[in-house]
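Visitor: I've got a model here and some questions about it. Mind walking me through?

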Amino acid sequence: MARIEDQATLAAGPGDLAHERAKGLDAAFRFGAGALSILVVLVAWELFARSGRVTMFMLPPFSAVVARIYTDALGGDLWINLGLTLYRAMIGFVIAAVGGITLGALMSRIRIVHWFFDPIISVGFPMPKIAFLPVIMLWLGLYDVSKISIVVFDAIFPVVTATLGGIASVEKELLWSARNMGASERQLIWQIALPAALPQILTGLQVALPISLIVTIIAEMAMGGYGLGGAMMTASRFADSRGVFAGIVEIAIVGYALIKALAVIRGRLLAWHPETVERS
Amino acid sequence: MDGQGQIVIEGVNHTYRPARGRAVPALSNVTLQVRPREFLALLGPSGCGKSTLLYLVGGFLPTEAGRILVEGKPVAAPGPDRGIVFQHFALFPWKTVRGNVLYGLERQGLPRAERDRRAQSFINLVGLRGFEESYPSQLSGGMKQRTAIARTLAFDPSILLMDEPFGALDAQTRSLMQTELLSIWQRTPKTVIFVTHDVQEAVYLAERVAVMSSRPGQIKAIVETKFEKRDPSILRAKEFVEKVDHIWNLVRDEAIKAQELSA
Amino acid sequence: MKALSRYLPLLLLAIAWELAARLNIVSSLALPPLTHVATAWLDLVHDGELIDNGEASLYRGAVGLLLAIVGGGALGMAMARWRTFDVFVNPLVELFYPLPKSALIPVTVIWLGFGDGSKILLIFLGCMIPVTIGAYNGARGSDHVLVWSARSMGASPLRMMWDVVLPSALPELLNGVRTALALSFILLVSSELIVSQKGFGYLIGYLGSTGSYEGMYAVVLTVAFLGFAADRLYQLLMQWLLRWRE
């Protein structure tokens, strides 16, 4: 939740009463409190599950879930499922990213491309495209192609919109001065428009990444087979609730790692940008 | 009532402790008395803590050392006995002019008809008749500040705290607003603490000017600035110009010190 | 006229669909002509299937989303105003935020079965976080002089939350709700598709599995249109609620 922290820094002005009170809460304390509250939740989970108020089916203890993940990891199933889910989500995400940026850049420079795709993008963006999943299954079957296709179909819209918006908000002076210095149309896009639009494009990618993960899991659940989503569905079908909760924890870790990684990449790529400079 | 609107400030210190970075002493041993229905200007270079002092009187910041008494009682929290007008207006952007002016009256629990009547009369007083249903985003800077003043006057605080209220306005609007504020104050006398860094504005508006030193702020001098009549013609009168010169000399050293501090 | 030329590409796509199916460029099984889909849609409306299942879906979506807005908004504002609360709750939100929410589908089924309850819980849990983050960022950004003004005019701390912090947070809060709205459609349709005996998603899956592809297309397009229409209507509502802005 990097955005929240940015806001906190921005809101910090002298004379802010809330901030005066916050002065004692240094980073170490915050970290400790965070770790503590996560620990409290996990302990509460464990105790509640063992208290007998709920059945082990409704809520297996956290320790049992961890043990299950450990067994799966030793048996190798975890790595197969994890690998397949990551593969599908990442291939879909990368295709959506490259395709979305390309389409957005083309739309911003070529009028006819803009004319054709603009209504499709603006009508398609808010649609729940996941409803097309059975259609894609009908066309492409139950293999990776159809899983990856639905991911691309869902994740590409925010990338196109962000690229289009990002390029549109590039300062005219910047483009004029580049053209003045003899930049060609191609150089204008690659060397000026796209780098200047990078913050917004990255924001679009940060929207597209969670969508890719959500849709990958849904597609795996709907089509079955290997993959973290498919494994959860199989577990659920055999009333194996430890398997279901193990799936949640595994998927949560994958989501957390990928989203943090993208935030780190954003920081690297935008080292020149005021948003990064301000934070350090 | 005797002592209404009286403010006593005794030995007040204040230090800002930002979440990151070093603590900054803002006020050091400030002692000052404001008489009932007096118009007092707090004058000093930027960063001298004059706004901090105003916020302490308002009860927005906790008094750490010394004491501040309003009408004999120590300040603990903000309250409707002390109305405040900020430099950047602080209007509720989601409320219309009327909605803003009504807000304080609603919190006082006045009956509806009385609220509407009072709100309208103060909107008229500041010359905003016809703009009741406008949102702040549709108003000019001067009109926004008129709305803020009407909003504060409407719930009838005995004390008016003004934090560089005309600092964000252009020169013409600013001088019009000064004259208007004076005439409002003469009709509805209140205790006013008026923070500014403009010497001429302070001398023109206030009966007394408290000059503050640069950080940490202290009261350096208090100058009487009473004149027979106050209207824009006084700006060229000899006695007025002399007062401005005198106070400007007091302030200049502090302004230079303040610049060195911030450099 | 202008709108026509703007949306002409969509019309062209529809015509291309019809022709591709009619001329057997693609198998009309995989892609039935659009006109057949329209007839199937009318049939589904007539025999009540679309209405019945639609009602179930809209009920689940509306209740889940409403709970998410109230719960998420309150949580975000509380985090923004009370520092100690924030210190303890923020890490939990941060931990839960990147979880791909569709992973909750089997868990909500374990807890509440196949009916309305599990869908409502899923949408509530899945849509709460974007609202929380919107409310949190919005309330954090609320100008302290507005808070001070309200306090000096006699507003109690609780009153001030309602009168100042909530409206200040509104622009970001409403953006969070928009994300939640889109997410609610995704979670609703997919959970109904995977585990349900009622709802739009169920109907799509059922028609697909029985080979009535024309009906399946009709329901898919209906859901897509509803998602689009909900977003447009919501944008109008947002504009009206934020009409005080420049």
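Guide: Sure, let's start with a helix pair: α8(C) and α10(C) run roughly antiparallel to each other, where that label takes angles over 145 degrees. It's a predicted model, so local features need pLDDT of at least 70 and side-chain atom pairs pLDDT 80 or more, while totals for chains, interfaces and linings use all residues. Residues count from 1 along each chain as its sequence is written, with chains lettered from A in the order written.

Visitor: At roughly what angle do the axes of α8 and α10 of chain C cross?

Guide: Helices here are DSSP runs (H or I, at least four residues), namely residues 157-194 for α8(C) and 213-241 for α10(C). Their axes, lines fitted to C-alpha atoms over the stretch in contact with angles from 0 to 180 degrees between N-to-C directions, come within 11 Å and cross at roughly 170°.

Visitor: How many nonpolar residues does that contact have?

Guide: Contact means C-beta atoms, placed from the backbone, within 7 Å. From α8(C) the residues include L170(C) and F185(C), and from α10(C) they include V223(C) and L241(C). Ala, Val, Leu, Ile, Met, Phe, Trp, Tyr, Cys and Pro count as nonpolar; beside one polar and two charged residues, the nonpolar ones number 11.

Visitor: Which helix of chain A supplies the largest share of the side that touches chain C?

Guide: In total, 54 residues of chain A contact 50 of chain C. Several helices supply at least two residues each, among them α3 (27-50) and α10 (185-223) of chain A. The largest share, nine residues, comes from α12(A).

Notes. Two residues are in contact if their C-beta atoms, placed from the backbone, lie within 7 Å. Angles under 35 degrees count as roughly parallel, over 145 as roughly antiparallel, 65 to 115 as roughly perpendicular and the rest as oblique.
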